[in-house]
Amino acid sequence: MNVHATTLAKAHDLDEQTSAFAGDVIGDLSQHPKRLSPKYFYDAKGSELFEAITRLPEYYPTRTELGILQERRGEISAIVRDGAALVEFGAGATTKVRLLLNGCAVGAYVPVDISGDFLTAQAEALRQDFPGLDVYPVAADFTEPFALPSAVAAMPKVGFFPGSTLGNLEPHEARAFLRCACDILGQGARMVIGVDLEKDQRVLHQAYNDAAGVTARFNLNLLDRINRELGGNFDTSEFRHQAIYNSGRHRIEMHLISTRAQQVRVLDRSFLFRPGESIHTENSYKYSLERFTALAHGAGWTRRESWTDPQRMFSVHALVAA
Ligand code: AVJ
């Protein structure tokens with residue numbers, strides 16, 4: 001828990017999760033330039049908005065990855081040994097993992113996600129649909145080390161990290177995450193991972209600036225969440241969504257731009273915003289096959305197989321612990 005969180009927890013009688021949120025928000029808004037972590041997009045409202053994003057015509061990653069998982073189900077399922085524990089990092093909706101669960105004889109499913117409530121609900125639905133499947137949800141921040149349930153200790157492990165959530169991590173953080181996942185999953189581990197690929201900037205721009213404005217609401221919901229949970233007084237009509245492609249860094253950047261000079265209070269702290277000042281809320285890195293191979297290799301994984309769609313918009317990879 002960061003420096004601010006403990007004092008804030010005491011001062012405002014916050015539970016552990018909220019004080020971690022409070023500490024990060026206060027810390028990040030005190031930075032120059034200001035920022036907020038994309039991991040806090042996913043409260044119940046945010047998870048709902050993200051599901052809506054995945055159905056947008058402009059947002060190609062989810063349907064393209066699903067197409068690859070369906071198309072290549074046989075080859076991908078072969079990566080998942082019978083009786084293995086399938087550990088999903090950042091398990092949101094279970095649409096993708098159901099494709100694997102239908103095609104493989106897994107021993108257990110371990111979904112890991114920061115939003116405990118959403119996770120529990122999804123796990124319950126899975127138990128209904130897969131009666132013989134042991135499901136062990138883990139409410140944790142998957143970017144930090146966490147313990148696997150003892151029930152799966154003896155099982156071979158296969159990691160599942162779809163959706164290019166890897167793209168939210170800075171390259172050095174992505175390497176650290178893959179290294180950590182390798183340690184958590186253990187000797188002989190395997191990983192099935194989805195990675196969004198570099199492409200025409202216009203396609204990327206549209207995917208994060210959809211005509212219906214759902215991505216803008218998803219981005220602004222972060223300020224609403226601070227108001228809801230931390231007693232903030234952000235006027236979201238005075239901030240506008242911005243998503244740009246930074247070709248030098250191979251990433252989409254999402255920002256919230258202050259439309260005027262304003263002062264905002266969060267708990268007992270005040271923050272001044274200049275007109276046009278940004279809060280940087282998310283990076284979404286796009287990889288080439290070469291750069292992803294080098295990243296995985298640097299984290300102790302060997303890229304065994306890769307699959308893309310015919311237009312090479314998105315990629316799914318099978319990694320094996322080196
Ligand atoms: C869930 C992180 C993969 O970066 O494309 C969607 C989140 N942000 N629209 C992505 C997101 C804006 C998404 N990931």
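**Exercise 1. Determine how the lining of the second largest pocket divides into nonpolar, polar and charged residues.**

Solution. The model is predicted, with pLDDT of at least 70 needed for local features and 80 or more for side-chain atom pairs, while totals for chains, interfaces and linings use all residues. Residues are numbered from 1 along each chain as its sequence is written, and side-chain values use heavy atoms, without hydrogens and water.

Step 1. A pocket is an open set of points on a 1 Å grid over the protein atoms alone, where a 1.4 Å probe fits, with protein on both sides within 12 Å along at least five of seven lines; lining residues have an atom within 4 Å of a point.

Step 2. Ala, Val, Leu, Ile, Met, Phe, Trp, Tyr, Cys and Pro count as nonpolar, Asp, Glu, Lys and Arg as charged, and the others, Gly among them, as polar.

Step 3. The lining comprises 10 nonpolar, 6 polar and 10 charged residues.

**Exercise 2. Identify the element that gives the most to this lining.**

Solution. Helices are DSSP runs (H or I, at least four residues), as are strands (E, at least two), numbered from the N terminus. With 6 residues, α2 contributes the most to the lining of the second largest pocket.

**Exercise 3. Describe the polar side-chain atoms beside the ligand's oxygen atoms.**

Solution. Step 1. A polar contact is a pair of N or O atoms within 3.5 Å.

Step 2. From an oxygen atom of the ligand, a polar side-chain atom of Y59 lies 2.6 Å away, and one of Y208 lies 2.7 Å away.

Step 3. For S284, a side-chain N or O atom is 2.8 Å from a ligand oxygen.

Methods
Polar contact = N/O pair within 3.5 Å; in protein donor to acceptor, adjacent residues only side chain to side chain.
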